[in-house]
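Here are a few quick notes to read alongside the model. Have the 3D view open and click on each residue as you go.

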Amino acid sequence: LIWNFINQVAREVRKTHPDRYIATLAYRDYAWYPKGMEIERNVLVGPCLHTANWWSPAVESVDVNLYTAWQRKCKGRLQCMWPYECFPMEGAINGKFKHFPGFHGHTIAKQMKQFGKDGVLGIDLCGTAQYIDGYLTYRLMDDPSQDVDRMLNEFFKLYYGPAAKPMKKFYLLVEETYMNKANYPANIQSGKVWGHQTKQIAWEYLGTQERMEELASCLELAKRLAADGPEEQRVLQFEKDVWRHMVLGRRQARAAQ
């Protein structure tokens, strides 16, 4: 119904404005390429993808298949891609719990390289990814050929100075925990469940006691290594914005058990 309407509008627009386009999202009930019809050539499309949730095999599979179908059928016309970088924070706000951070810089780099290779024309971000991931996203949108490891090394060295090594270790441990499918419940690993981070996933499966202790040691070492000045203040700001949020989240989850 929706794509038929869009096609009708596009055909009428082309009669009077042959150089103009209709741009629209491919969203929810009309996310998939419609069967049995062709989208008019002056329609630009933006598939909506849960790019921050590719820790879920079901989510990644649906996203990749949906995106691939649009890319093949409307090659060169994916102009308003809509990646949901607002998760897991958005889901935690709605669910009223403190989330485990969704750091996924290497996944962002992989996604942007694919979009660049496929000739994606433009991206509308639904929220900006947390911490350095937001910066990585914008840099890679500008030039997806960049080496994400080199970008991360540059950031931690320049921003945290002598505390760069433990701060980078903190980031990579959170990223590996968040994106490693083996760290999630069996029903998610199997691809049977499609969804978002929950309080249980955050603090029973991801933010375990052992991981929290390792992350705490990274932060304590960073605080000792950071000299007086901007590096020390940056570590303390990270502690306030990220680490205290995590500690409180785990404490609240355990108290509710």
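**Notes on a predicted model**

1. Start on the outside. Trp-32, Val-62 and Trp-194 together make a nonpolar surface patch of about 290 Å². Keep in mind that you're looking at a predicted model here.

2. Let's zoom in on one member of that patch. Val-62 sits in helix H2, which covers residues 57-73. Is Val-62 buried or exposed? Somewhere in between: its relative accessible area is 31%, so Val-62 counts as partly exposed. That fits with the patch, because a residue needs over 30% relative accessible area to be included in one.

3. Next, find Lys-168 in helix H7, the stretch from 164 to 179. Lys-168 is partly exposed too, with a relative accessibility of 22%. Which residues does Lys-168 touch, if you skip its neighbours within four places in sequence? The contacts are Asn-153 and Phe-156.

4. Stay with Lys-168 for one more look. Ala-222 is 54 residues away from Lys-168 along the chain, yet their C-alpha atoms are separated by 9.7 Å.

5. Now the cysteines. How many disulfides turn up in a search of the whole structure? Zero. Take Cys-86: the closest cysteine sulfur belongs to Cys-126 and lies 4.1 Å from its own, which is too far for a bond. The cut-off for a disulfide is 2.5 Å between the sulfur atoms.

6. Finally, check how covered two of the cysteines are. Cys-86 is buried, at 10% relative accessibility. Cys-218 is buried as well, with a relative accessible area of 4%. Both get that label because buried means under 20%.

Methods:
Residues numbered from 1 in each chain as written. Predicted model: local features only at pLDDT ≥ 70, side-chain atom pairs only at ≥ 80, totals over all residues. Heavy atoms only, no water. Patch = residues over 30% accessible without salt bridge, like charges linked within 9 Å, V, L, I, M, F, W, Y side chains within 5 Å. Areas by Shrake-Rupley, 256 points an atom, 1.4 Å probe, with all protein chains shown as cover. Salt bridge = Lys/Arg side-chain N within 4 Å of Asp/Glu carboxyl O. Helix = DSSP H or I, 4+ residues; strand = E, 2+ residues; numbered from the N terminus. Buried < 20%, exposed > 50% of the residue type's maximum accessible area, 1.4 Å probe, protein only. Contact = heavy atoms within 4.5 Å.
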